[in-house]
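Biologist: Could you take me through one part of this model, slowly and in plain words?

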Amino acid sequence: MINFKEKKGFICDMDGVIYHGNNVIPGAKDFIDWLNRENKGYLFLTNNSGCTCRELCQKLQRLGLDVPEEHFYTSALATAAFLSDQAPGCSAYVLGEAGLLNALYDKGITMNDVNPDYVVVGEGRTYSLETLTKACNLVLAGAKLIGANSDISGPIENGISPACGSLIAPIEMATGTKAYFCGKPNPLMMRTGLKKLGCHSAESVMIGDRMDTDIVSGLESGMATVLVMSGITTMETLKQFAYRPTEILNSVGDIANYVLS
């Protein structure tokens with residue numbers, strides 16, 4: 001098993017790892033309490049683009065988990081950083097929620113539904129045929145297509161919900177344009193995470209419930225990887241992938257049991 005006590009940095013997914021909907025996964029509190037008590041560097045690196053870091057912090061507080069706001073980094077922030085670096089002062093037509101909109105505003109990116117430089121898609125409850133049609137025609141008129149993340153679905157309390165990869169697929173199909181995704185497993189997001197932690201990849205662990213985003217991004221960044229079976233992956237779906245995580249555990253509760261034993 002990975003010697004978790006010796007690792008300096010922990011990058012951890014949230015949905016399916018720390019909670020399902022509004023239910024904390026057993027052992028998650030013990031794991032977070034250990035990270036805080038041992039002064040470990042840790043970052044919740046989530047592909048959820050809908051929430052701001054403050055909202056994620058407050059959600060965990062409501063669930064009884066103490067995680068300061070600086071320990072979060074989202075695909076919305078990664079998207080805003082990418083666009084700001086690529087085209088400072090650009091404009092965008094955005095399908096998404098507060099987390100994505102606020103991140104873009106904070107980087108000086110303005111909203112534009114007439115002739116934007118980019119069409120940006122994240123998770124959102126305002127998604128409709130009208131907004132989808134608008135996005136398609138703006139892409140056909142020359143706007144570049146950006147996705148906050150490539151996740152097809154995400155775990156919820158009673159099953160799964162469509163995520164950004166599913167929501168952007170109709171635009172890709174209708175326009176014949178492939179989106180560029182800024183969230184995991186994009187190495188830009190992983191390098192940012194390690195930089196924020198101040199840790200080398202060899203000193204760090206990536207913990208997640210998805211092979212196609214969490215585990216592959218950690219593996220390709222040179223980190224030890226832990227797949228937890230508390231989220232969307234099953235032993236059957238695991239067989240579809242040619243690569244393997246360093247460890248397969250039931251949940252982060254197994255890590256807590258190890259470090260506290």
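Biologist: Which residues in α5 meet which residues in α6?

Modeller: Sure, but keep in mind that this is a predicted model, where local features need pLDDT of at least 70, side-chain atom pairs count only at pLDDT 80 or more, and totals for chains, interfaces and linings use all residues. Residues are numbered from 1 along each chain as its sequence is written, and side-chain values use heavy atoms, with hydrogens and water left out.

On the α5 side you'll find L132, A135, C136, V139 and L140, and they meet L167, P170, I171, A174 and T175 of α6 (contact means heavy atoms within 4.5 Å). Nine of the residues in this contact are nonpolar, one is polar and none is charged. Here Ala, Val, Leu, Ile, Met, Phe, Trp, Tyr, Cys and Pro count as nonpolar, Asp, Glu, Lys and Arg as charged, and the others, Gly among them, as polar.

Helices (H or I, at least four residues) and strands (E, at least two) are DSSP runs, numbered from the N terminus. Now for the geometry: the axes of α5 and α6 come within 9 Å and cross at roughly 45 degrees, so α5 is oblique to α6. Axes are lines fitted to C-alpha atoms, for helices over the stretch in contact, and angles run from 0 to 180 degrees between N-to-C directions. Under 35 degrees counts as roughly parallel, over 145 as roughly antiparallel, 65 to 115 as roughly perpendicular and the rest as oblique.
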